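I opened a new notebook page for this structure. My plan is to look things up one at a time and write down what I find.

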Amino acid sequence: MSAVAEASGARHALHPLRVAAVEPLTDDSVAITIEVPDELRETFEFQPGQHVAIVRRAGGDELRRSYSICAPVGGPLRVAVKLLPEGRFSRYACSELKPGDTLEVLPPVGRFTPALDPARTRHYAAIAAGSGIAPVMSITSSALDVEPSSRFTLIYGNRTTSSIMFLEELEDLKDRYPDRFQLVHVLSRENPGVELLAGRIDRAKLTRILELLLPPETIDEWFLCGPLQMIEEIRTTLTDKGVAMSTIHRELFHAEDMTPAVATSEVIAEGTGAAVDVILDGRRSTLTVPHDGVSILEAALLVRPDAPFACKGGVCGTCRCRLLEGQVRMDHAYALEDDELADGLVLACQSHPVTDTVVLDFDAV
Ligand SMILES: Cc1cc2nc3c(=O)[nH]c(=O)nc-3n(C[C@H](O)[C@H](O)[C@H](O)COP(=O)(O)OP(=O)(O)OC[C@H]3O[C@@H](n4cnc5c(N)ncnc54)[C@H](O)[C@@H]3O)c2cc1C
Ligand code: FES
């Protein structure tokens, strides 16, 4: 069950939006452009690298997934979906979705974004693998466009040339910014003719790339998007080379351990629990949540079906909120950086009350 926006512009509400275009990017991926009506333009304004949660309803089922916006800042709401084996939403997107269909979409969220300023001169580097290019595409094109003195280096890993998403758009960027954009393709299942550019982007490969092409001390900010293991290996390699953790941004699409606990009213009625207040779109709701059981998000959804979420696995950050009172314990917090944790941000889908009273504010993030 979930709430679809009644009042236009509601910050945490789902909005039914029309699909304007579905274009193949490779044999197993598509770009989807979604129409945003004028009255929702402000609600759907995005920063480069942010993502939206998209809901597909079929029969009584709801499929809810996050997709990164691949368009540059100020551009259309466009996302790219790569087909996964057994993937329910990605199969639907790549084989059934067509222009004119309606998807329900939450407004953009996410902190995987540079603070662009036309007066700045920076050298950004991004390392992406597979569909991890989607947010990086937005960040790269926005940075080159908004900051005329900045440079961007992109290291992009794929299996083969034919699996490279946005190949043409990347070539266009190279043509538009020949002096400021450096693009390095790394292929794991095709011989690119240069040993350095063949294989997976692991610690050994990255170390060589840093030595030969990309001295880390020349980079101001790093953007990493790909599988968890790759990102962790890259982060360690970079910090071992003296790169400050605060300059490394990462976006995860998936983690192995993402199983959510499911709530029922019975579970909550039976347990004694903490009194949890949830503040969302200016309205406060009080609920009882067991100390050891379902997450605060699951409990909240029973009384506030408009509570924002997507993965329920601690990865996407759509359910982020601020802890105003009390203490919570989180199972995972992949989507939060250390400074955000220190600042009192938590993920409702991973939070369980520790104290007898807890107040969470979804509006104060
Ligand atoms: C912040 C964020 C941004 C994202 N942006 C994009 C994007 O721009 N483009 C894109 O294609 N995807 C993106 N994703 C991933 C996307 O949300 C879905 O997880 C993905 O499309 C699979 O959904 P599905 O329904 O097809 O697969 P499911 O039916 O949910 O899963 C099928 C199988 O694949 C596994 N699985 C699920 N997701 C992944 C994954 N990402 N990698 C590896 N295994 C997985 C599952 O455990 C399961 O075994 C993003 C995720 C997050 C959290
Ligand atoms: S819903 Fe994705 S982190 Fe909570």
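My entries below cover a sheet and the helices packed around it.

**Entry: the model.** I note at the start that this is a predicted model.

**Entry: the sheet.** I looked up the strand order first. The sheet is open, has 5 strands and runs 9-8-7-10-11. Its pairing is parallel. I then checked the edges. Strand 9 (181-187) and strand 11 (248-251) are the edge strands, and each pairs on one side only. I also looked up the turn between neighbours. On average, neighbouring strands of this sheet are turned by 15° against each other, direction ignored.

**Entry: one strand pair.** I picked strand 8, residues 151-158, and its pairing with strand 9. The two run in the parallel sense and share 7 bridges. Which residue of strand 9 is the bridge partner of glycine 157? I found valine 186.

**Entry: helices on the sheet.** Next I asked which strands helix 3 lies across. Helix 3 covers residues 167-176 and lies across strand 8 and strand 9. Its direction is at about 145° to strand 9. Helix 5, residues 228-240, lies across strand 7 (123-129), strand 10 (221-225) and strand 11. I noted an angle of about 175° between helix 5 and strand 11.

**Entry: helix 4 with helix 5.** I looked up how helix 4 (residues 203-212) packs with helix 5. The angle is about 45°, and the axes are 9 Å apart. This angle makes helix 4 oblique to helix 5. The crossing of helix 4 past helix 5 is right-handed. From helix 4, I listed Arg203, Leu206, Thr207 and Leu210. They meet Glu233, Ile234, Thr236, Thr237, Leu238 and Asp240 in helix 5. By class, the residues of this contact are 4 nonpolar, 3 polar and 3 charged.

**Entry: helix 2 with helix 3.** At what angle do helix 2 and helix 3 pack? I found about 15°, with the axes 12 Å apart. Helix 2 spans residues 133-146. The two helices are therefore roughly parallel to each other. Helix 2 and helix 3 cross in the left-handed sense. On the helix 2 side, the contact is made by Met137, Thr140, Ser141 and Asp145. Glu169, Leu170, Leu173 and Arg176 make it on the helix 3 side. I sorted the contact of helix 2 with helix 3 by class: 3 nonpolar, 2 polar and 3 charged residues.

Note on methods. Residues numbered from 1 in each chain as written. Chains lettered and ligands numbered in written order. Predicted model: local features only at pLDDT ≥ 70, side-chain atom pairs only at ≥ 80, totals over all residues. Heavy atoms only, no water. Pairing = 2+ DSSP bridges. Helix = DSSP H or I, 4+ residues; strand = E, 2+ residues; numbered from the N terminus. Axes fitted to C-alpha atoms, helices over the stretch in contact; angles between N-to-C directions. Contact = heavy atoms within 4.5 Å. Parallel < 35°, antiparallel > 145°, perpendicular 65-115°, else oblique. Left-handed = near helix turned anticlockwise from the far one by under 90°. Nonpolar A, V, L, I, M, F, W, Y, C, P; charged D, E, K, R; others polar.
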